[in-house]
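Trainee: Could you pick one strand and take a close look at it with me? After that, I'd like to hear about some helix packing too.

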Amino acid sequence: MVNSKHWVLLLALVTICAGIGSVSCWKKEEFRNCHHTPFCKQGRARKPGTSNLRAIDVALQDGQLTAKLVPKILNPETEAENALILRMSVYPDGILRFKVDEDEGKDGKRKRFEVPDVLAEDLDDRRLWLQRIEHEQDGVSSVYLTTGYEAVLQHDPLEIYVRRGKHQRLVSFNGKGFFHFEQLRDKNEEENWDEQFRSHTDSRPHGPQSISLDVSFHEAKHVYGIPEHATGLALKPTRGPDVDSEPYRLFNLDVFEFISESPFGLYGSIPFMLSHSKEYTTGFFWLNAAEMQIDVLAPGWDGNSASDSDANADGIHTMWMAESGIVDAFFFIGPGPKDVMRQYASLTGTSAMPQLFATAYHQCRWNYRDEEDVSNVDAKFDEFDIPYDVLWLDIEHTDGKRYFTWDNLLFPNPEEMQNKLMAKGRHMVTIVDPHIKRDDGFPLHKEATQKGYYVKDAHGNDYDGWCWPGASSYLDMLNPEIRSWWADKFSLSSYKGSTPSLYIWNDMNEPSVFNGPEATMPRDALHFGDVEHRDVHNAYGYFFHMGSADGLLKRGGGNDRPFVLSRAFFAGSQRVGAVWTGDNTADWDHLRVSVPMLLTLGLTGMTFSGADVGGFFGNPEPELLLRWYQLGAYYPFFRAHAHHDTKRREPWLFGS
């Protein structure tokens, strides 16, 4: 553990940085790029057509198409041992699912991680039972998908695609031959699996286990989705002639004062991409919570010349690279944008219905100082006849950053404060973050320690990181038992000083760890079931969000819709609650980019989303703040928020 003096200095630098322009505070060297990420660097180095797999033993089993994927050239004695298992299944409304994993039947083999609790609980019950395979000439097998469409498996070279009729391809997997699946294996004595980045070492105890694959959207003109990035709505190419760009990164990180028009990943990740043309909209979703890097390939990416007139003539090709996990992927065939959205929502769920107050205006600041400040702000809204429904309290309302507590000097009567707001039909939101202060006198920490509920480090000890309270540990939200225990902490009897009109804000749940690699949790930390953090990272915030929302649902006996705002998100977060785009800056560029960021979230299922009106960092000029309020009124989630070092900016302070 780095000494506390060092971290006091670091926090001071962060505070100073908050008052400077974003260019000064964005330190890209503190984050990995593709060159620093072996699985990405290796994936980008692969050439098209180098996938060495073919499908054998194609058959129907339990209503699914199954096959073994084996190298084209291999010693027959080891062929069965190295086979990957492919399963293709079909769901109503023209949804194709295909899974590729190692053979689970091999004795003693570690099971690769599959992300739980994202897909609809009744999905398996809805699976269509395939009746027959049509074996066509030239090693091609096809199954019925929906009227007029078929799912096709080409044996050698391996390819999976959906076609309309007998000839028109819509979307395909491994059409460009990039598919590569690193299987788990024993370590050779001379090998060193450690990865270094800056001062951090990832022990990678199970070795390299990355997956690379390509997806082609035939006849597409544009692709969208894969949030969260501060970019335009249509995804620009990242690889090809005259293109010098990092891939689009999906890795949830605490990135304050992020820069716009960058493929760098931000606070949330949804590995879902849509393609669109005048004729068709299709989609691809890869259920995988490990880090991903995604390239959109420009015309001519493969060395073939492409003039402007035939650019994207055969569609748009993409390359997806993941650090670990399995292939659990879905094709959506549309044919229109609404159809793709419906098909995706049938898997991951629709947006939770919010309470009416949650759709109104929210007033927030880090921090409203005390009960008198809260009362004065509330009264000023009445005095100037400005409508608002929710007042928020940031971390300073707690007793020393211990969540579910109140600072008794600044907020001695929290229930009375909330009831006064509620008497006017207004609500309050308090912050509850995932880092738990390591204080033996803090009952929450003491109980979590005794029950063994914290994420473990690579050596099996409670992980000890650094966040707002100082030394902190993080609850293992992958475990359903721990999520249920956490939910009980929101009861009125447990959360002293709370009332039924109090709702919740989950921040820092990427998770943010100030002294961790890239300011997050080490990848070799351990979760429930001996799952490494690398496997579950992008879904950690989703599980924390889920546990908090379940807590409010329990508190209300199932009769009160929860409202929990989260900064981190994953596929399925729309079922849980709202999200926002994180720590933006008071400048015109962040105002502009908020629109495509929120539209992208909407296209990928996260409809209840917003951006901090006025910008979290910096002091907006009156014209900027005015225009931001005008735009923010149309955000689904409408909240003004500001850093504690900014000038007060309640709307009446800027005159008429």
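**A strand covered on both faces**

Mentor: Let's start with strand S29: Leu502, Ile504 and Asn506 sit on one side, Tyr503 and Trp505 on the other, and all of them are buried, so to speak covered on both faces. Before going on, keep in mind that this is a predicted model, where local features need pLDDT of at least 70 and side-chain atom pairs count only at pLDDT 80 or more, while totals for chains, interfaces and linings use all residues. Residues are numbered from 1 along each chain as its sequence is written, and side-chain values use heavy atoms, with hydrogens and water left out.

"Buried" is under 20% relative accessible area (exposed is over 50%, partly exposed in between, with a 1.4 Å probe and protein chains only). S29 covers residues 502-506, and 5 of its 5 residues are buried. A strand here is a DSSP run of E with at least two residues, and a helix is a run of H or I with at least four, numbered from the N terminus.

Now for the strands that pair with S29. Pairing takes at least two bridges found by DSSP. Strand S25 (residues 427-431) runs parallel to S29, and 4 bridges join them. One of the residues to look for is Thr430, whose bridge partner in S29 is Ile504. S29 also pairs with strand S32 (residues 564-566), again in the parallel sense, over 3 bridges. Here Asn506 stands opposite Ser566 in S32. Remember that Asn506 and Ile504 are both among the buried residues of S29.

On to the helices. Helix H9 (residues 480-488) packs with helix H10 (residues 533-555) at an angle of about 45 degrees, and their axes are 7 Å apart. That's why H9 counts as oblique to H10: under 35 degrees is roughly parallel, over 145 roughly antiparallel, 65 to 115 roughly perpendicular, and the rest oblique. The axes are lines fitted to C-alpha atoms over the stretch in contact, with angles from 0 to 180 degrees between N-to-C directions.

Who touches whom? With contact meaning heavy atoms within 4.5 Å, H9 brings Arg483, Ser484, Trp486, Ala487 and Asp488, while the H10 side includes Phe543, Phe544, Met546 and Lys554. By class, this contact has 5 nonpolar, 4 polar and 4 charged residues. (Ala, Val, Leu, Ile, Met, Phe, Trp, Tyr, Cys and Pro are nonpolar, Asp, Glu, Lys and Arg charged, and the others, Gly among them, polar.)
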